[in-house]
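Thank you all for making the time this morning. I would like to walk you slowly through one structure, so please have a look at it before I begin.

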Amino acid sequence: MTTDFEKKATEIMLEAGISLEHIQSQRRNFFQDTYIENYYNKVENSEHLSKNIPIQKIIALKTDGTVVGKSVYDLFMGRTKEGRDGKKIDANLTSLKEHGLTFQLAFYSGEFNFEGSSPLRFNYYKEDDCYILQNDGVHRTISAKMFNAPTMSGIVTDYELDKEKKKLYEEYDSLQEILRLTDIKGLTLDYFQEKMNKKD
């Protein structure tokens with residue numbers, strides 16, 4: 001069932017020039033887990049400001065709320081209560097209605113008011129060519145995806161793949177699946193790494 005908010009939000013987006021096709025496509029655009037963080041290392045002194053972070057490459061949001069496996073559409077429209085602040089979504093929607101799409105996209109890309117709003121922080125994982133938002137800016141990012149913004153601005157920190165860590169993580173992940181099937185609990189990644197390192 002379509003809620004009143006969905007009807008109102010869709011109407012505002014259509015009037016602003018966002019296609020119905022794009023709006024509906026966000027039902028199939030799901031946020032992923034942040035598991036890749038387990039096998040990447042931070043590149044020292046790599047932090048830099050970017051105004052050209054491709055929105056489609058932001059695959060996950062690091063947040064206290066539960067957004068993994070949830071679609072951009074459901075999070076924006078309030079079809080899930082977890083990880084959503086209605087006032088922040090409303091603010092993005094009101095801005096779109098009052099100022100238009102060009103203004104809103106320029107805001108996300110940092111063309112103006114960058115210092116006025118707190119800069120978002122992203123980690124960039126080179127070999128996977130993707131970004132993960134770090135804590136603040138969840139609703140801004142969800143709205144930017146919903147409004148089909150091409151880019152966002154933020155502080156980016158680069159990360160490099162650690163092949164040994166990835167191999168260890170894949171072994172751990174396979175073992176976790178076996179443990180899940182056999183209902184044995186209590187194996188953490190830290191504990192697994194510690195045990196494996198003692199073998200070497």
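**A walk through the chain**

Let me start with the contacts, meaning heavy atoms within 4.5 Å of one another: among the contacts in the protein chain with a separation of 6 or more, 78% are between residues 24 or more positions apart. I should say at once that this is a predicted model, in which local features need pLDDT of at least 70 and side-chain atom pairs count only at pLDDT 80 or more, while totals for chains, interfaces and linings use all residues. Residues are numbered from 1 along each chain as its sequence is written, and side-chain values use heavy atoms, with hydrogens and water left out.

As for the overall layout, the protein chain has 8 helices and 6 strands, where helices (H or I, at least four residues) and strands (E, at least two) are DSSP runs numbered from the N terminus. Read along the sequence, they follow the pattern α-α-β-β-β-α-α-α-β-β-α-β-α-α. Of the 200 residues, 45% count as buried, and here buried means under 20% relative accessible area, exposed means over 50%, and partly exposed is in between, with a 1.4 Å probe and protein chains only.

Let me turn to helix α5, residues 101-108, whose buried residues are Leu101, Gln104, Ala106, Phe107 and Tyr108. What do these buried residues of α5 pack against? Their partners are α1 (4-16), α4 (86-99), α6 and β6 (151-161). Just after α5 comes Gly110, with a positive phi of about 75 degrees.

That brings me to backbone angles. Most residues other than glycine have a negative phi. Asp129, however, has a positive phi near 50 degrees without being a glycine, and this residue sits in the loop between β4 (121-125) and β5 (130-134). Asn135 also has a positive phi, of about 65 degrees, and is not a glycine either; its place is in the loop between β5 and α6 (138-146). Are these two residues buried, partly exposed or exposed? Asp129 has a relative accessible area of 30% and is therefore partly exposed, and Asn135, at 47%, counts as partly exposed as well.

Asn135 appears again in the largest pocket, where it is one of the residues nearest the centre, along with Lys88, Asp136, Gly137 and Val138. The lining has 14 residues, and α4 and α6 each supply at least two of them. A pocket, on a 1 Å grid over the protein atoms alone, is an open set of points where a 1.4 Å probe fits, with protein on both sides within 12 Å along at least five of seven lines, and lining residues have an atom within 4 Å of a point. The volume is about 240 Å³, taken as the space filled by probe spheres set on the points, which are joined across faces, edges and corners. By class, the lining has 3 nonpolar, 6 polar and 5 charged residues, with Ala, Val, Leu, Ile, Met, Phe, Trp, Tyr, Cys and Pro counted as nonpolar, Asp, Glu, Lys and Arg as charged, and the others, Gly among them, as polar.

Now for the aromatic residues. Rings of Phe, Tyr and Trp (its six-membered ring) pair if their centres lie within 6.5 Å, and planes under 30 degrees apart count as stacked, over 60 as edge-to-face and the rest as tilted. By this rule there are 12 aromatic pairs. One of them joins Phe122 and Tyr131 edge-to-face, at 6.5 Å centre to centre and with 90 degrees between the planes, and both of these residues are buried. Tyr131 also pairs with Tyr124 in a tilted arrangement, at 4.7 Å and 40 degrees. Tyr124 is buried because its relative accessible area is 16%.

Phe122 and Tyr124 lead us to Thr157, since leaving aside neighbours within four places in sequence, Thr157 is in contact with both of them, and also with Lys42, Ser46, Glu47 and Asn123. Thr157 is found in strand β6 and is buried, at 7%.

I will finish with His22, in helix α2 (residues 20-25), which at 11% relative accessibility counts as buried. Beyond its neighbours within four places in sequence, His22 is in contact with Lys145, Met146, Phe147 and Asn148.
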